[in-house]
Amino acid sequence: MASIEQDALKAMVGQAALQYVVPGEIVGVGTGSTVNKFIEALASMKDRIRGAVSSSVASTERLRALGIPVFDANEVDALAVYIDGADEIDGRGHMVKGGGAALTREKIVAAQSRRFVCIADASKLVQALGKFPLPVEVIPMATRRIARQFAALGGTATLRLKDGQPLVTDNGQHILDVTGLSIADPLGFESDVNQWPGVVTVGVFAHQKAAVCLLGTPEGVRTLEF
Ligand code: 5RP
């Protein structure tokens, strides 16, 4: 559970992200506790945007509850900006994402956006990706084989559970969380793992990396540009 301090940092970057929202346009919205703060802040300017494309059922429900129209990704050609959190971000804007199991839709919305603005508290900034268990969305029948492929790389893959049962994503698939990996080449790693049969999406965001990160620190918002 997040501490009160961490919660305040998330609220601070959620608010700061409003400066990247383009009036009159549709904004891409990610998923997670930091994005929930952004969604709350976005409600204050809902009359100045057309609406949002959302990366999860959970964010869609929050947006609609606050009166922000949500468009299907297929209704929109391109988005000016995508605002989302991260589980880890390195000094080049590469991220690990998927702690909230929304990584596939997050990557889709990020791919249709011109600019990825990452919002995170300072604990998410890392030297190298790989400490946070890497989420991978998988087709259920391939789970064991993919786990063996990660074992061959020195990783340990664990099926994510919810209420004692395999967690089912918004796309009807499962999540493996992989520990023990060292991800020295995020671009190459993402490309390789995405080719494995049965992998829907690997939670490394190197091809869809952040352009900007608003990092919440006790001294204020630090802006990193990549
Ligand atoms: C969801 C994600 C989130 O962006 C990531 O897990 C960070 O979440 P939080 O803001 O709650 O720390 O990738 O799939």
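# Two cysteines and the chain around them

Tutor: The sulfur of Cys 118 sits 4.1 Å from the closest cysteine sulfur, in Cys 213, which is too far for a bond. A disulfide here is a pair of cysteine sulfur atoms within 2.5 Å. This is a predicted model, where local features need pLDDT of at least 70, side-chain atom pairs count only at pLDDT 80 or more, and totals for chains, interfaces and linings use all residues. Residues are numbered from 1 along each chain as its sequence is written, and side-chain values use heavy atoms, with hydrogens and water left out.

Student: OK, so how many disulfides are in the whole structure?

Tutor: A search of the whole structure turns up zero.

Student: And is Cys 118 buried or exposed?

Tutor: Cys 118 counts as buried, at 0% relative accessibility. Buried means under 20% relative accessible area, exposed over 50%, and partly exposed in between (1.4 Å probe, protein chains only).

Student: What about Cys 213?

Tutor: Cys 213 has 0% relative accessibility, so it counts as buried.

Student: What percentage of the chain's residues are buried?

Tutor: Buried residues make up 52% of the 226.

Student: New topic! Which contacts does the chain make between residues at least 6 apart in sequence?

Tutor: Of those, 71% join residues at least 24 apart. Contact means heavy atoms within 4.5 Å.

Student: How many helices and strands are there?

Tutor: The chain has six helices and 16 strands. Both are DSSP runs, numbered from the N terminus: helices are H or I with at least four residues, strands E with at least two.
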